[in-house]
Structure formats: C-alpha cells, structure tokens
Amino acid sequence: MKEVVVPKVLYLPLHSKSFNFTAVCVSHGQQVSLGEKLAEDPDNYDAPLLSPSCGKVDLEKTPGHITLEELSSVEPKSYIYHDDSDHIHKKMGPAGIKRYKLLNLGAWEFMKEAYTGQMPDPLSTPQAVIVSTLQLEPFLVRGDVLLKEHLRQFTHRLEHLQSLLEYQPIYLAFPKVKSDFAAKIKEQIRGYAWVKLIEVPMKYPYDNFQILSRHLGLKRNQGSIWGVNVEGVLAIDNALTASRPCVERIISVAGPGASLRQHLRLMAGYPIAVIKDEHSEEHTITIDGGILTGRLLTDDTKGVPAECRGITFVPEHQSREFLGWLRPGFDRQSYSGSFLSSLCSVFPDRVTNAIRGELRPCVSCGFCEDVCPAGIMPHRLHKLIYQDDIDTVEKFRIDLCVECGLCSFVCPSKIELMHQFQDMKQTILKEKEIAAAEAAKEAAKEASESQLETE
Ligand code: SF4
Ligand code: SF4
C-alpha cells in the first residue's frame with residue numbers, strides 16, 4: 001500500500017454517488033483546520049464533508065468543488081472532537097451518541113442501507129447488520145487486503161460495531177473457500193455468539209448487501225438492514241477509539257489501461273490528474289469505482305470523490321473499428337462468444353471501452369435477462385423507461401435490481417442499463433416522497449379545518 005504525499009491543492013467534489021453537499025459551511029478565503037466541516041448534505045442527515053487538511057478555502061476556482069490551497073499537513077492525532085450530543089443522549093442513549101459521533105467524524109457514511117444503498121438514519125434501529133469481508137468486483141480493494149495488518153484486532157473492532165446496537169444480530173460474510181484468511185476469521189469469531197458467520201461463494205455479485213439480505217431471509221418490510229464493509233469497520237473503530245476524523249481513503253488504482261497498479265492511501269480531493277499522470281497509459285477513460293458498477297469520471301471532476309473506492313483506467317479506442325463486434329481477435333471476449341477467443345482460453349481477454357461494440361437500440365438478444373441475479377427483465381425495463389411509463393416500470397419490479405452492472409456489461413448494444421435503473425429508482429423515490437408530503441399536508445389541513453368547525 002502506497003501512502004501518497006500531500007499535494008499542493010485538494011479539489012473536494014460537492015457531489016458524489018450518494019451525497020450532495022449543497023449547504024456550504026465555509027466562506028471564500030477562510031482558513032480551515034483538519035476535520036473542520038466544509039459543507040453538509042441537508043437531505044442526508046447533514047452528513048458532513050470534512051476538511052482533509054489545514055488550508056485556505058477557494059470557492060470560486062473550480063466549479064462544483066471546494067478547493068483547498070496552502071495545505072499544511074497536520075497529524076490527525078492533534079484533532080480534538082467536540083461533543084455536542086446532549087439532545088441525542090436523551091433520545092437514543094449511549095449507542096445514539098456513538099452513532100452521532102460517527103456521523104460528525106465522517107465514518108457513518110460507510111454504513112449503507114442494504115436495499116437502497118443509501119446511508120441509514122443514524123438514530124434508527126436496524127433488524128440486523130451485515131459485515132462483508134468480500135469485494136468481488138474486479139479491480140477494487142479486497143477485504144482481506146485491508147485486514148492484512150489488522151486481522152488480530154478484527155473481533156475487537158466488531159465489538160465497537162456491536163456497541164452501536166441493542167440486541168440485533170451481526171452477520172459476518174466471508175468467502176466460501178479454503179484459505180488462510182477464512183480459517184483465521186473463523187478462529188477469531190469462535191465464542192462470539194452475537195456474530196453469525198455466512199459463507200458466500202466467490203462469485204460476483206454475491207458480495208452485494210441486497211443479495212446477502214435475501215440469502216439470509218431478511219425481509220425489507222421488517223425493518224432496515226445495515227451493511228458495512230471492512231473499510232467501514234476500520235473507520236468506525238478509528239473514529240470511536242481515537243476520535244479522529246475519517247478523511248483518508250484506501251483506493252485501488254487499476255484496470256487494463258493502468259500502467260502502474262497500486263493500492264493508495266490518500267485523502268478525499270486528491271487531484272485525479274496526478275493519479276492519471278502516474279498510473280495511466282495514454283488514451284484511457286477514467287472510471288470512479290469498478291468496471292461493472294463505476295461511473296465515468298469526466299474532466300469536470302478534478303479530485304477524488306469522498307466515497308471513491310477505486311479508480312479504474314480502461315483503454316479508449318481512437319477510431320471506430322469496421323465490424324468491430326465481428327472481427328476475429330484472439331484476445332477478445334464477449335458474452336455472445338462472437339470472437340475467436342471463445343475457442344481458446346489461453347489468451348488474456350482485452351477489455352477496452354469498445355468491448356460492447358457500438359451504441360445502438362436494444363436488439364432483444366436477452367443476454368441481460370440471462371445474467372440478471374435479481375431475475376427481472378432489464379430489456380423490458382429499459383423500453384418502459386424509454387416510454388416514460390413509470391407505473392409499469394414499478395410493476396416490473398425495478399426495486400429488485402441490486403445495481404450489479406452485469407446487464408450493462410453484457411449488452412451488445414452498449415446500453416447503460418444499470419445507470420438508467422439507478423436514476424429511475426431515485427426518480428420513483430422522490431415522487432413517492434413528494435406524494436407522501438402532499439398527503440400529510442392535506443391531512444393536516446383537513447384536521448385543522450374540522451377542528452375549526454367543532455370550535
Ligand atoms: S437489472 Fe442489471 S444491474 Fe439490476 S440486478 Fe439485474 S443485472 Fe444487475
Ligand atoms: S442485452 Fe442489451 S440488446 Fe440484449 S436484450 Fe438486453 S438491453 Fe437489449
């Protein structure tokens with residue numbers, strides 16, 4: 001794992017996959033210290049964007065970012081956490097105070113609601129927590145890599161997690177393979193009655209929290225299920241034991257277009273251009289995350305987003321290949337087996353941004369349906385979304401989509417199915433929230449009118 005040096009400037013994106021830090025808490029030119037709140041997300045329990053370093057704020061230089069200049073590296077140890085959680089104590093007791101502390105120190109964002117992938121309400125009560133030591137999507141940092149140096153203290157760290165709960169079970173998912181790592185985990189957990197082990201096949205996307213919940217028979221309508229990965233367990237432990245702000249990330253820099261593959265320990269906002277210069281070959285596209293579920297990073301994003309788990313470089317085709325989907329090539333693979341490489345497995349597969357051919361309409365090949373672990377019909381959903389028929393989209397159970405990205409990967413028409421479904425799920429959620437708020441307003445109005453009549 002390589003520790004990067006503090007850069008000259010940090011570019012902290014105000015928008016990431018789950019957060020919109022729209023409420024900026026600092027002013028242009030202000031000097032900030034490490035761990036200071038720069039902005040917060042009012043729609044996400046005021047989740048904070050914390051300053052990863054001491055420095056001077058620039059709100060004008062880079063649109064969509066808070067830029068930090070004149071950085072000085074200060075040891076996180078010197079950070080002092082100010083507890084202002086009296087109101088939480090009355091409501092939730094000691095567990096609530098700890099969760100509130102995690103939220104303020106930026107560690108709560110590692111906790112995800114299994115069925116929505118969103119950060120859960122820190123003051124809610126889950127029915128169970130799933131801890132996953134697996135990371136099965138190619139090119140991202142695996143749990144055993146993160147735990148390498150910390151395996152001995154892992155159970156102690158899980159105790160911290162348990163202290164956030166009342167009596168709810170913790171399920172620990174680990175790979176169903178004979179390995180040193182699995183054996184050591186089993187050995188450590190023995191005697192911890194509150195941790196239940198689940199062995200999971202080493203096949204993508206069995207590490208998905210929604211799939212794990214279904215595998216365990218945990219029903220969505222019986223309360224929320226929280227999911228956290230190894231990095232989250234380490235962040236929670238760090239925040240609770242040392243009261244340090246969680247401003248560092250361990251990310252993988254990899255992919256078929258990477259000239260140097262490494263795990264980096266760096267701070268949010270680290271310049272993408274520096275990573276690209278040092279790790280990417282010429283002519284690549286940059287993906288925030290893994291090759292299946294990541295999103296394309298455009299030139300508008302200058303720094304590593306707060307939630308980033310990895311940067312994947314994929315070679316970009318410079319010219320269009322004539323009949324590219326058909327042309328024989330021993331190093332090319334496709335789900336349809338249309339390349340000669342399907343006949344011989346000794347050649348490494350070539351993954352480029354043209355792997356799925358050209359963008360074109362759905363050709364009803366059904367590949368997306370074949371691979372979908374949720375058992376839904378992605379091609380049908382795609383057509384309904386195109387027709388803007390939201391009611392039928394819901395009837396075709398878009399809610400079951402676990403956002404694994406397999407349908408997008410195999411689609412020969414290069415349709416970004418998963419991203420379409422993510423966006424549509426958000427739209428449906430927002431529409432429901434608006435409808436619920438209007439219904440509540442109407443009910444309150446009717447209640448006050450009937451009260452006036454009785455008076
Ligand atoms: S619809 Fe696509 S992204 Fe959703 S679960 Fe099925 S294969 Fe995965
Ligand atoms: S894989 Fe793509 S082209 Fe084939 S049915 Fe699904 S959406 Fe249509």
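**View 1. Ala254 faces Thr312 of strand 18 in the mixed sheet.** Ala254 stands opposite Thr312 in strand 18. The model is predicted: local features need pLDDT of at least 70, side-chain atom pairs count only at pLDDT 80 or more, and totals for chains, interfaces and linings use all residues. Residues are numbered from 1 along each chain as its sequence is written, chains are lettered from A and ligands numbered from 1 in the order in which they are written, and side-chain values use heavy atoms, with hydrogens and water left out. Strand 14 (residues 248–254) and strand 18 (residues 310–315) pair in the parallel sense over three bridges. Pairing requires at least two DSSP bridges between two strands. Strands (E, at least two residues) and helices (H or I, at least four residues) are DSSP runs, numbered from the N terminus. The open sheet has six strands in the order 1-15-14-18-16-17, with mixed pairing. Strand 1 (2–3) and strand 17 (295–296) are its edge strands, each pairing on one side only.

**View 2. Helix 7 lies across five strands, strand 18 among them.** Helix 7 covers residues 272–279. It lies across strand 1, strand 14, strand 15 (262–267), strand 16 (284–288) and strand 18. Its angle to strand 18 is about 55°. Axes are lines fitted to C-alpha atoms, for helices over the stretch in contact (heavy atoms within 4.5 Å). Angles run from 0 to 180 degrees between N-to-C directions.

**View 3. Four strands form an antiparallel open sheet.** The strand order is 2-8-7-4. Strand 2 (10–13) and strand 4 (31–32) are the edge strands, each pairing on one side only. Strand 7 (residues 54–58) and strand 8 (residues 65–72) pair in the antiparallel sense over four bridges. Asp58 has Thr67 in strand 8 as its bridge partner.

**View 4. Ligand 1 has 13 residues around it.** Cys372, Cys401, Val402, Cys404 and Cys407 come nearest. A residue is near a molecule or strand if one of its heavy atoms lies within 4 Å of it. By class, the shell has 11 nonpolar residues, one polar and one charged. Ala, Val, Leu, Ile, Met, Phe, Trp, Tyr, Cys and Pro count as nonpolar; Asp, Glu, Lys and Arg count as charged; the others, Gly among them, count as polar.

**View 5. Ligand 2 has cysteines in its shell, including Cys362 and Cys365.** Cys368 and Cys411 also surround ligand 2, as do Val363, Ser364, Gly366, His379, Pro412, Ser413 and Leu417. The shell holds seven nonpolar, four polar and no charged residues. Ser364 has a positive phi of about 55° although it is not a glycine. Its loop runs between strand 18 and helix 8 (367–371).

**View 6. The largest cavity holds about 130 Å³ of space.** A cavity is a set of points, on a 1 Å grid over the protein atoms alone, where a 1.4 Å probe fits but cannot get out; lining residues have an atom within 4 Å of a point. Points are joined across faces, edges and corners, and a volume is the space filled by probe spheres set on them. There are five cavities of 30 Å³ or more. The largest is lined by 14 residues; Gln135, Val141, Leu146, Asn229 and Glu231 lie nearest its centre. Its lining divides into six nonpolar, five polar and three charged residues. Helix 2 (143–147) and helix 6 (230–242) each supply at least two of them.

Notes. 1 Å grid on protein atoms, 1.4 Å probe; cavity = no way out; pocket = protein on both sides within 12 Å on 5 of 7 lines; lining within 4 Å.
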